[in-house]
Amino acid sequence: MPRRWLLAAAAVLLASCASQQLDTYVSERPVLDLKTYFNGRLVAHGMFQDRSGQVVRRFVVEMTGTWSGNQGVLDERFTYSDGKTERRVWRLVDEGNGRYRGTADDVVGEASGRTSGNALNWRYTLRLPVDGRVYEVQFDDWMYLIDERIMLNRAVMSKFGIRLGEVTLAFTKLSP
């Protein structure tokens with residue numbers, strides 16, 4: 001029995017060491033304001049890597065963001081390297097104090113996020129179609145505003161706490 005407790009304690013310790021703390025970015029500049037950055041036209045180039053690091057899918061996303069008060073819409077149009085296309089329309093709400101929530105047709109429930117300094121942590125569960133089946137997978141997105149036009153995004157995709165792979169994106173703001 002003591003060995004199980006020791007292993008469990010080690011797992012908890014390792015997990016807590018591996019997680020980022022959003023508040024460490026509080027003094028980073030430029031400050032990320034989603035209503036400003038995701039307003040107008042943007043393009044992102046991305047890839048999905050499986051858990052071994054192999055790139056298994058590349059894509060481009062053309063986006064248009066619009067805001068009215070604290071309500072926003074981010075219309076994303078994906079084109080994959082194999083020619084397939086997808087569309088996701090996020091409906092976003094700025095709750096104040098750097099907190100956001102959002103919904104989309106392929107998202108289970110609500111996404112939630114929080115900004116601090118130049119960073120955003122955005123978490124949600126996505127219905128992901130693969131080979132004729134649909135899986136619910138969790139995304140832990142970390143976005144970092146580099147300057148007024150460029151933002152980098154690294155997302156870990158997991159199921160049942162098991163890391164399935166990573167999505168990496170480079171966003172470029174084209175116009176307001």
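This report walks through the fold, two strand hairpins and one loop residue of a predicted model.

## Overall make-up

Let's start with the chain as a whole. It has 176 residues, and 38% of them count as buried. Two helices and 10 strands make up its secondary structure elements. Reading from the N terminus, the order is α-α-β-β-β-β-β-β-β-β-β-β, so the helices precede the strands.

If you care about surfaces, the accessible surface of the chain is about 10700 Å², with 54% of that belonging to carbon and sulfur atoms. As for contacts with a separation of 6 or more, 37% are between residues 24 or more positions apart.

## Two hairpins that share β2

Strand β2 (residues 55–68) runs antiparallel to β1 (residues 40–50), and 10 bridges join the two. One residue pair to look for is M47 with its bridge partner R58 in β2. Four residues lie between β1 and β2 in this hairpin, and G53 in the turn has a positive phi of about 100°.

β2 is also joined by 10 bridges to β3 (residues 71–80), again in an antiparallel arrangement. Here S68 has Q71 in β3 as its bridge partner. This hairpin has two residues between its strands, and G69 in the turn shows a positive phi of about 65°.

## A closer look at R149

R149 sits in the loop between β8 (133–145) and β9 (150–159). Is R149 buried or exposed? R149 is partly exposed, because its relative accessible area is 47%, which falls between the 20% and 50% cut-offs.

Beyond its neighbours within four places in sequence, R149 is in contact with Y37, F171, T172 and K173. K173 is 24 residues from R149 in sequence, yet their C-alpha atoms are 4.7 Å apart in space.

Conventions. Residues are numbered from 1 along each chain as its sequence is written. This is a predicted model: local features need pLDDT of at least 70, side-chain atom pairs count only at pLDDT 80 or more; totals for chains, interfaces and linings use all residues. Side-chain values use heavy atoms; hydrogens and water are left out. Buried means under 20% relative accessible area, exposed over 50%, partly exposed in between (1.4 Å probe, protein chains only). Contact means heavy atoms within 4.5 Å. Accessible areas come from the Shrake-Rupley method with a 1.4 Å probe; for residues, only the protein chains shown count as cover. Two strands pair if DSSP finds at least two bridges between them.
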